[in-house]
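Colleague: I'm new to this structure and would love a close look at one part of it. Could you walk me through the charged side-chain pairs, and then say a word on the aromatic rings?

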Amino acid sequence: MMLDQLYESSRSLFPAYCPEFLDEDYVILTGVESSNPSNSRLLGGLGRVGEDVTNVFGNMTSEIVGAQGSNPTSAHSVVVKALEMKTSTEALARRLWMSFVAEGKDALYQEDIIQILGSHRTEEAEHIFSTLDADCNGDVSLDEMIMTVVEVARERKALARSMHDVTQAVRVLDRFLSVIVVVCVAMIYAAFFSSGFAKYLATIGTQIA
């Protein structure tokens, strides 16, 4: 997932709850905005403690089940959680944009992403930038970044709803087919043990034919 890669790179440059992104990180992980900077610092400190505890349990779970994806502090887990709410989605977009924009510039450029990801990932960086550059004008403003990430969150929710609908439809079909199987088995059972019922089925079959 594109946002996973960007967030992982952002977190490598600016660790979680660093002074530069204290407010954003708190919102990303809680979905709640704080209007008081001092509160954000306090909550950020508590968040770091909570993250450390969660990380320990997440690593323990990963070792037990053998799945790294179960770690709640992994980039993917954090991004997925952030995309659930608009406030955290926008905070994530701000963190990513401000992490990569070169000092003194007011827009994100393709070379900025290439520089962060490395020249060996140029093709990947170009693809990411083309996705972010919605208006194809060669740069990505903060508003454009927020709009793109919010759209990703919206599409993800729509896909989740579609999958839920498909799952429900499959369950209904499964129940319907189960009823048919039960009826067929009952008819076969009755025909096998009742000669009268067997003659009745034979008569119906002849009429249908």
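Modeller: Happy to; here is a short tour of the salt bridges, followed by the aromatic pair. Please keep in mind that this is a predicted model. The count of salt bridges comes to five, and I'll take you through some of them.

Let's begin with arginine 95, which forms a salt bridge with aspartate 25. Their closest N and O atoms are 2.6 Å apart. Arginine 95 belongs to helix 5 (residues 86–100) and aspartate 25 to helix 2 (residues 22–30), so this pair ties together parts that are 70 residues apart in sequence. Both arginine 95 and aspartate 25 are buried.

Next comes arginine 154, whose salt-bridge partner is glutamate 151, with 2.4 Å between the closest N and O atoms. These two sit three residues apart in helix 8 (residues 142–193), so about one helical turn separates them. Arginine 154 is partly exposed at 47% relative accessibility, and glutamate 151 is partly exposed at 32%.

Another salt bridge joins glutamate 124 to arginine 121, where the closest N and O atoms are 2.9 Å apart. Glutamate 124 is partly exposed, with a relative accessible area of 26%, and arginine 121 is partly exposed with a value of 26%.

Now for the rings: the count is one aromatic pair. Phenylalanine 14 and phenylalanine 21 meet edge-to-face, 5.2 Å from centre to centre, with 85° between their planes. The angle earns that name because planes over 60 degrees apart count as edge-to-face. Phenylalanine 21 is buried, at 3% relative accessible area, whereas phenylalanine 14 is partly exposed at 23%.

Technical notes. Residues numbered from 1 in each chain as written. Predicted model: local features only at pLDDT ≥ 70, side-chain atom pairs only at ≥ 80, totals over all residues. Heavy atoms only, no water. Phe/Tyr/Trp six-rings, centres within 6.5 Å; stacked < 30°, edge-to-face > 60°. Buried < 20%, exposed > 50% of the residue type's maximum accessible area, 1.4 Å probe, protein only. Salt bridge = Lys/Arg side-chain N within 4 Å of Asp/Glu carboxyl O. Helix = DSSP H or I, 4+ residues; strand = E, 2+ residues; numbered from the N terminus.
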